[in-house]
Amino acid sequence: MTTDTSNGPYRAVWRWHFYAGLVVAPLLLVLATSGLVMLLRTPLEASLYGHMLTVRPGGVPHSPGAQLAAVEAAFPHTQAILFVPPVTLDRSSEFSIIPAHHGGGGHGHGHGEASRSVYVDPYTTRILGSVDPANTPYGWANAIHGTLLLGDVGDAVIEIAAGLAVLLIVSGIYLARPQGQGWRSTLLPPVSVERRAATRALHGAVGYWIAVPLLFFLLSGLTWTGVWGGRVVQAWNTVALDRSPPAAVSTRTHGDLNRSPLEEVPWALEQTLLPTSGPTSGSTYVGPGAGATPDLDRVVEFARAAGFSNFRVALPPDHNAAWTISASTLAGDVDAPTEERFLHVDRHTGTVLADVRFSDYSVMGRFMASGVPFHQGELGTWNLVFNAAFCVAVIVLVMLATALWWQRRPGRVFPTAPPASDPRTMRGVVAGMFVCALFFPLTAAAIAGVVLLDRLIVVIKTRVLSLRPGL
C-alpha cells in the first residue's frame, strides 16, 4: 500500500489524527479492558460467589413473602427495594436492600446510595450470603468504564474522548484509504515488508475492520454521559404514560430504579417519571388487589398471570410509591428488546397505573433499546463473543498505534507532533472538525483547546527550540 504523505490535506488530517489519538488511545485502552471484564461477569461471579447463586432443589419453594421476612430478620434496620425470583429451579432468589429510612424517604438506590444483594434459598429461606455489587469485579469495571472513578469529571473526560474518537475514525479512514492497490491490500495487508510500513498497514486494516462497530459503541455509549445523554438526547428517553384516567406522577424517574452500580432500566425510560399510588376511581385496569392490599406474594402471582416469565419486582419505597414489575434486556430478564415491559401497580388498591412496552418507546428509544443491550453483550452467546473479540481488537489497535508512533521517532527524539501542514489547509480541516464536533458540545470545546495548543507548539518550535524541519 502506497501512501502520499506529502500533500497538504493528508498532512493536515494526519496532524489532527495524531492529536486526537493522544487523548483517545489511553481512554480506548481503559474502556476496552474494563468492558472485557464486564463481559466476563458470569464466569467471574460463578468463581467468586457461585455458592450463593445456586441451590439444591427440594420440595415446594417458600412464598416470596416468607423469603422477604427471612431477609428482614437477618438484616434489621434495612429496607428491601427489589425482589428477583429464581430463573431456574436450581437458582437462589435475590433481594436488594438499603439502610431503612424512618422518615418515609424514598429509595436512595440507582443514582444515590448503593444497595446490597442478598441471596436466599427459596426451599429453606436460608440466607446464603450477601454481596455489595459495587465491590465486585463487575462493579469496579463498570465504575471505571463509566466515570474513570472520577465522578462527573471522569464522565466529562469520557464524553470528550468519545467525541474525539468519532473524529479519529473519520480521519483514520481517510489516512488508510487504498491508493492504487485496491481494497484487498488495505483490508488484508501484506506483512512481509519494512517493519514500519507493516505496522502502519496492519494498524489501518484493524481500524477499517472495527470502524463501524467502534462508531456504534461510541454513539450508544455516549447516551449514558452527562451532557450528550443527559441534555442533547434527553427528550428521546422519555415515554408518555398514557392511561385513562391519567395516573399521578412523582418526582422520581424510572432511572431511580437502577441499583448502583447496575444499569437495568432501558435508556428509553430513564427520564420518565414514575406513577404514584393514589385515587383511581373509574379505572378499568384491575391488578392484584382483589379487595386486599397488594403484598409481594400477590404482586408476584399477578406478574405471572399478566404474562411475565423472567422478571423482577421493585417494592414501593414509601406510602405514595407503586409496585413495579419489570423485564428488560439490560437486567438479563429477556433476550429480545421487543419483550421489554414495565408494569406499575398501585400499592393500596392493586390497580394497574401504567403498562409500558417496547412499542411505547420513541424511535430513538427503540434504537437504543436494541443497541444498548448489544453494547453490553446481553443478546446471547454470539453477542458476548463478538463484543469480547471487539474489545481485544481495540486493544490491539491501540498497541499498533503506540508501536507506529515509537517507530516514527526521527533520530529517537521524542516527537511533539506530526509534521506541520499548510495553514490554509489546516484551517479547512479544523473547520470540518468543528462542524462534526457541533454534535458533541464537550468535544467541540476540547478541539478549541487543542487548536490553541497547536498554535503554541508551532510558536515554540519556530521561535524558541529551532527544531529540525520534519519533527
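# Notebook: loops, cores and salt bridges

**Entry 1, two unusual backbone angles.** I began with Thr125, which sits in the loop between β3 (116–120) and β4 (127–131). I kept in mind that this is a predicted model. The phi of Thr125 is near 60 degrees, a positive value in a residue other than glycine. I then looked up His77, also not a glycine, and found a positive phi of about 65 degrees. His77 belongs to the loop between α3 (64–74) and β1 (78–84). Is His77 buried or exposed? Its relative accessible area is 66%, so I wrote down "exposed", given that the cut-off for that word is over 50%.

**Entry 2, the largest nonpolar core.** Next I went inside. In soluble globular proteins, nonpolar side chains tend to be buried together. The largest nonpolar core here has 32 residues, and Val24, Leu28, Ile210, Leu214, Leu218, Phe390 and Val394 touch the most other members. Which elements give two or more residues to this core? I listed α1 (8–39), α5 (151–175), α7 (195–222) and α11 (381–408). Of these, α11 gives the most, with eight residues.

I picked Val24 for a closer look. Leaving out residues up to four places away in sequence, Val24 touches Ala161, Leu164, Ala165 and Leu168. Apart from this core lies another one, of 24 residues, and I noted Ile97, Val120, Val299 and Leu343 among them.

**Entry 3, salt bridges.** Side chains of opposite charge can pair when their charged atoms come close. How many salt bridges does a search of the whole structure find? The search finds eight, and I followed up some of them.

Arg259 and Glu264 meet through their side chains, at 2.7 Å from N to O. Both Arg259 and Glu264 are buried.

Arg312 pairs with Asp333, and their closest N and O atoms are 2.9 Å apart. I liked this pair for linking distant parts of the chain: Arg312 is in strand β7 (residues 312–314), while Asp333 is in the loop between β8 and β9, 21 residues apart. Arg312 has 7% relative accessibility, so I marked Arg312 as buried. Asp333 counts as buried too, because its relative accessibility is 7%.

For Asp355 and Arg357, the closest N and O atoms of the salt bridge are 3.2 Å apart. Asp355 counts as partly exposed at 29% relative accessibility, and Arg357 is also partly exposed, with a relative accessible area of 37%.

I then asked which residues are joined into one network by salt bridges that share partners. They are Glu94, Arg259, Glu264, Arg312 and Asp333.

**Entry 4, Ser328.** My last stop was Ser328, in the loop between β8 (322–327) and β9 (341–346). Ser328 has 2% relative accessibility, so it counts as buried. What does Ser328 contact, leaving aside its neighbours within four places in sequence? I found Glu264, Pro266, Asp333, Val334, Glu340 and Phe342. Two names there were familiar to me: Glu264 and Asp333 both turned up in the salt-bridge network. With Glu264 there is a polar detail as well, since a polar atom of the Ser328 side chain lies 2.8 Å from the backbone oxygen of Glu264.

Note on methods
Residues are numbered from 1 along each chain as its sequence is written. This is a predicted model: local features need pLDDT of at least 70, side-chain atom pairs count only at pLDDT 80 or more; totals for chains, interfaces and linings use all residues. Side-chain values use heavy atoms; hydrogens and water are left out. Buried means under 20% relative accessible area, exposed over 50%, partly exposed in between (1.4 Å probe, protein chains only). A polar contact is a pair of N or O atoms within 3.5 Å; within protein, one must be able to donate a hydrogen and the other to accept it, and residues adjacent in sequence count only if both atoms are side-chain atoms. Contact means heavy atoms within 4.5 Å. A nonpolar core is a set of buried Ala, Val, Leu, Ile, Met, Phe, Trp, Tyr and Cys residues joined through side-chain atoms within 4.5 Å. A salt bridge is a side-chain nitrogen of Lys or Arg within 4 Å of a carboxyl oxygen of Asp or Glu.
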